[in-house]
Amino acid sequence: MKKTIFISLVVIYTASAFSEPNYPPAGPEWLWDIRAISYGWAGSTGGILGKTPQEYAADANAIAANGYNTVVLFGRQARLGSIQEWPAIVTELNELVTIFHQHGLRVFDHQSCGIVEANDINVPIPDTNSTIRDLLQIDAQTGQPEYDATWNSYKVCHINPLTQTLIQTHNQNLFTQTALDGLMSDDIGFAEYSCVCQYCRARCIRDLGFDVNEYIPPRAPEIDPFWFNPDNVNYRNWNRFHQNSVGDHYVRMRQLLDGIRPGLGLMACLSVTIEPSFSQYYGISLEQIGRGANLLMHEDFSPAYVMEWQADASEILRAESLGRISSRPVLNLQYASISRNELYSGATPGEVLFTWAMDRTLGCREWVNEGPATIGRSILWEAQHQELFYKPTIPANIAILYSTQSRDWLRPLRLYIQPEEQLTADYRGWCEALLFKNIPFHSIIEDQLTPAGLSPYRILIMPSVSCLSAGQCEIISNWVAAGGTLIATEDCAMYNEIGEALSQSGLSGILGVKIGKKIHCQTPVQVPNEDVFVNCGGQIDEPNRTRFECTADSNTLSFGSIEAGSSHPAMVRHKFGDGNSVYLAFRLGSAAWSRTRNCDAVNCPDPNYQYIRLGPKTPSTLNVIRNLIEPAISQLPFTVRNAPRGLIITLHKSADNKQILHLLNATGSVIEPNGQPHIINKHSYQFPLILQDIQVTLREPIRLPVVARLPSGYDMVLDANQNTNTIIIPGSAIAPYTVIETGGFPSADLNRDGIVNFKDFAIFAEQWLQRES
C-alpha cells in the first residue's frame with residue numbers, strides 16, 4: 001500500500017510581493033493544441049459514474065474518436081472533504097490515467113481545493129487534532145465560517161499553513177504516483193468580508209502593519225472607513241495582499257509540479273477576467289494567477305452564446321493580452337445543456353458549435369463541457385487540420401488598453417455599486433465596435449505600456465482608463481508626440497496607479513482638455529432627430545451634421561441629456577506633436593449603446609475644437625468609430641468590403657507564416673436600430689444566409705491557391721488576385737464558420753477532385769448546418 005507523505009511548508013510573505021507579476025517560462029508546446037472535454041469521474045467511493053476499467057476504456061475510445069486529445073476530470077473535485085480517502089483516490093486515478101493514455105488522451109485533474117462541501121467540514125484531518133472546520137475562512141461580518149449558498153459549501157483559507165501543507169502533500173503524492181499531465185487548481189480566492197482568521201490577522205499585522213480587527217464589525221458599505229474604501233491606504237494594501245496571496249498559491253503549485261516532472265500543465269478557474277468585482281471583492285486577478293499557471297482559462301457562463309457572444313469575446317481577448325506577452329495559450333470552457341444546476345442551463349448543442357467556432361476565430365483553445373459527439377465531426381475536423389489553429393499570431397496595429405489598475409481601484413469601489421458600469425462596459429463596447437467593423441486589434445495591459453510595447457501600434461484606445469502612473473503617462477505622451485493617435489474616454493488618468501485622485505488628468509496636455517466632474521442639465525432638451533446635437537440650454541448647430549462648435553462658457557461645456565434612448569456626448573480632437581488625440585467625454589458602452597446619459601462636462605481651453613456626437617448603436621455610429629481610427633486604416637493587416645454586419649472576420653498567421661482568415665457568421669446576433677435582433681433559432685442555430693460576395697484585401701502578398709474549408713469536410717478554391725492581394729468570397733461559401741487558407745490545397749482525401757462546385761458548396765453548407773446542430 002502506498003503511504004501518504006506529509007511535507008512541511010513555510011511561506012514567507014514580504015513587501016516585495018506587491019511588485020509587478022513575474023511570469024514563469026512558457027509551458028509545453030502541446031498546450032497550444034489542446035482540444036479538451038470534461039469527463040465525469042467518480043472516485044473510489046462511488047459518485048456520479050462509478051465506472052469500471054472497461055467502461056473507462058470505452059469512454060476514452062469514444063472521446064478520442066471524436067477528435068479530442070485532453071480530458072479534464074469532473075466529480076469529487078472538492079478534494080479536502082475526501083482527505084481520508086486520498087490514498088485510494090490516487091490509486092484509482094493512476095488506473096484511469098493509464099487507460100486514457102493508451103488511447104492518446106492527456107488528463108488534467110480538477111481540484112476545487114478552495115471550497116469544501118457543507119457536510120464535510122467536520123471530517124478529521126489525519127495525524128492532527130484538527131478538522132476541516134479549522135481550515136475555513138472567517139467572515140468579518142459574522143465571525144463565522146464563510147458559507148457559499150450557491151454551492152452549499154464553505155470557503156477554505158489558503159493563507160492557513162495547514163491548508164497549504166495538505167494541498168501540497170496531496171499533489172506531491174498524486175503527481176509522483178500517477179502520470180497525470182496537468183492540474184486545474186480551482187476556487188482559490190476570498191469572499192467579500194473575509195478572511196479574518198487568526199492566520200490572516202497575523203499576516204496583516206506582520207506584513208501590512210495594522211490589525212484588521214480594528215475595522216470589525218464592518219459598517220454600511222457607503223460609510224465604512226475601511227471595507228471597500230480605496231481612499232484608505234490600509235484597505236488598498238489589504239486588497240493587494242489578497243490578490244498576491246492568490247498568486248502565491250499558483251506559484252507554489254508551479255514550483256511543486258516543475259520539481260516533480262517538467263512540462264506539466266497548470267490552470268485555474270476564472271469565469272470573468274475583466275469585471276472589477278473579481279479583483280476588488282475576491283482577490284482574483286488573471287495577472288496573479290498567471291504568475292504560476294501556464295494555461296490561461298476563461299469560463300464561459302453566458303446563457304445565450306449566439307446572442308451574447310460579444311461579452312465573452314471581449315473576455316477572451318483580454319486573456320489573450322496576457323497570453324501574448326507571456327507566451328501561453330488561452331482555454332475557453334463553455335457550459336452547454338447541463339441539467340445539474342440552473343447556472344449552466346439554457347445553452348444548446350447549436351450554441352456549443354457556435355462557441356467552438358468563435359474560439360477558433362479569436363485564436364483560443366476550446367474546452368467542451370458536453371458529450372463527445374455534441375458537435376459532430378467538428379473537433380475531429382480541427383484535429384485533422386491542426387496546422388490552421390496551432391499557435392497563431394494575430395497581426396494588428398491598433399491596441400485597446402484594458403486597465404488592470406483601474407479595475408483594482410475603480411471608483412466607486414464600494415460593495416455592489418457595480419463599478420463594472422464604467423470599465424467593463426466601455427472596454428466591451430470598443431471590442432464589440434471593432435469586431436463588428438472587422439478592424440483587427442490587440443487587447444493589451446499595462447505591461448505593454450513601454451516604448452517597445454507600444455511600437456507596433458498606430459492607435460491606442462483607452463476606455464475608462466482612470467488609473468495611470470506618471471511614468472506611464474510620460475510613455476504615452478512620447479508615443480503620441482512621435483506620431484501615435486490616442487483615443488481616451490471618461491475620467492482618463494484622473495488617478496495615479498494606486499487610485500489616488502489627481503488635481504487634473506495626467507494626460508491633460510495630450511488631450512487638450514481639463515476633465516471635469518459630470519454635471520446635470522437642469523432642462524434636458526428633447527430632439528426627435530438623432531443626427532442633431534444640442535448643447536444644454538444652447539442652440540442647435542448645423543442640423544444633420546456631426547461637426548459642432550462649442551457654445552457654452554469657456555470653463556465648462558455641458559451637453560444635454562437627451563430623451564430616453566438617445567445619447568449626445570462630446571468628442572474633442574487635439575493635435576500633439578506629430579500625433580493626435582481624441583477625447584470622448586462618455587463611455588462607449590456595450591450591447592446597447594443607446595442608454596440615456598447625464599451631462600458630461602469638460603473644461604475646453606480652445607472654443608474651436610470640434611465636437612462630434614456619437615449616438616445609439618446604428619450603422620452610422622459604427623462608421624463614425626471607423627473614422628476615428630482612420631490613421632491606421634491604410635496599414636491594417638486586411639480590409640473588408642460588402643460584408644453584412646455580424647460577419648466577423650479575423651486574420652491569423654500560422655507557424656509557417658501562412659495567412660489564414662476565419663469567418664464567423666454572427667449576423668443573427670445583430671441588434672437593429674429598432675432594438676430587435678434578427679430572427680434566430682438558438683436550438684438549431686439557424687442563421688441568416690449571406691447572398692452577396694465578400695471582398696477581402698490583405699496587406700501582405702497572398703499565396704495561391706486560396707481555399708475555403710468547412711468543418712463538414714468540403715473545400716472550395718476561391719478567386720484571388722495576387723496583384724491586388726484580393727480574395728473574393730461568395731456568400732454561398734460562408735457557413736456558420738469557414739476557414740480560408742492562403743497557399744493551401746484542397747483535401748483530396750475528403751473530396752474526389754479536391755474542389756466542390758459553387759452550387760454544391762451551398763448545399764453541403766446547409767446539410768452540415770442541419771447535421772451538426
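These exercises explore a predicted model, moving from its sheet to its helices and its cores.

**Exercise 1. The sheet**

Task: Find the strand order of the open sheet of 8 strands, and say which are the edge strands.

Solution:
- Step 1. Trace the sheet from one side to the other. The order is S8-S7-S3-S2-S1-S11-S10-S9, and the pairing is parallel.
- Step 2. Look for strands that pair on one side only. These edge strands are S8 (265-267) and S9.
- Step 3. Check the twist. From one strand to the next it averages 20 degrees.
- Step 4. Look at the S8 edge. S7 (residues 182-185) runs parallel to S8, and 3 bridges join them. Gly 182 has Gly 265 in S8 as its bridge partner.

**Exercise 2. Strand S9**

Task: Decide whether the residues of S9 (residues 296-300) are buried or exposed, and find the strand's partner.

Solution:
- Step 1. Use the cut-off: buried means under 20% relative accessible area.
- Step 2. Sort the side chains by direction. Leu 296, His 298 and Asp 300 point one way, while Met 297 and Glu 299 point the other way. All are buried.
- Step 3. Draw the conclusion. Since 5 of the 5 residues are buried, S9 is largely enclosed by the rest of the structure.
- Step 4. Find the partner. S9 pairs with S10 (residues 330-335) in the parallel sense, over 5 bridges. Opposite His 298 stands Asn 332 in S10.

**Exercise 3. Helices**

Task: Describe how H4 (residues 198-208) and H5 (residues 233-260) cross, then place H5 on the sheet strands.

Solution:
- Step 1. Compare the axes. They come within 11 Å and cross at roughly 115 degrees. The crossing is right-handed.
- Step 2. List the contact. From H4, Arg 203, Cys 204 and Leu 208 meet Asn 237, Trp 238 and Phe 241 of H5.
- Step 3. Classify these residues. There are 4 nonpolar, 1 polar and 1 charged.
- Step 4. Turn to the strands. H5 lies across S7 and S8, at about 170 degrees to S8. H3 (residues 161-177) lies across S3 (106-111) and S7, at about 165 degrees to S3.

**Exercise 4. Cores**

Task: Find how many residues the largest nonpolar core has, and which helix gives the most to it.

Solution:
- Step 1. Recall the general trend. In soluble globular proteins, nonpolar side chains tend to be buried together.
- Step 2. Count. The largest nonpolar core has 125 residues. Those with the most contacts inside it include Phe 100, Trp 227 and Trp 238.
- Step 3. Name the helix. H2 (residues 86-102) gives the most, with 8 residues.
- Step 4. Look for another core. One lies apart, with 23 residues, among them Ala 399 and Leu 460.

Terms used:
Residues numbered from 1 in each chain as written. Predicted model: local features only at pLDDT ≥ 70, side-chain atom pairs only at ≥ 80, totals over all residues. Heavy atoms only, no water. Buried < 20%, exposed > 50% of the residue type's maximum accessible area, 1.4 Å probe, protein only. Helix = DSSP H or I, 4+ residues; strand = E, 2+ residues; numbered from the N terminus. Pairing = 2+ DSSP bridges. Axes fitted to C-alpha atoms, helices over the stretch in contact; angles between N-to-C directions. Left-handed = near helix turned anticlockwise from the far one by under 90°. Contact = heavy atoms within 4.5 Å. Nonpolar A, V, L, I, M, F, W, Y, C, P; charged D, E, K, R; others polar. Core = buried A, V, L, I, M, F, W, Y, C linked by side-chain atoms within 4.5 Å.
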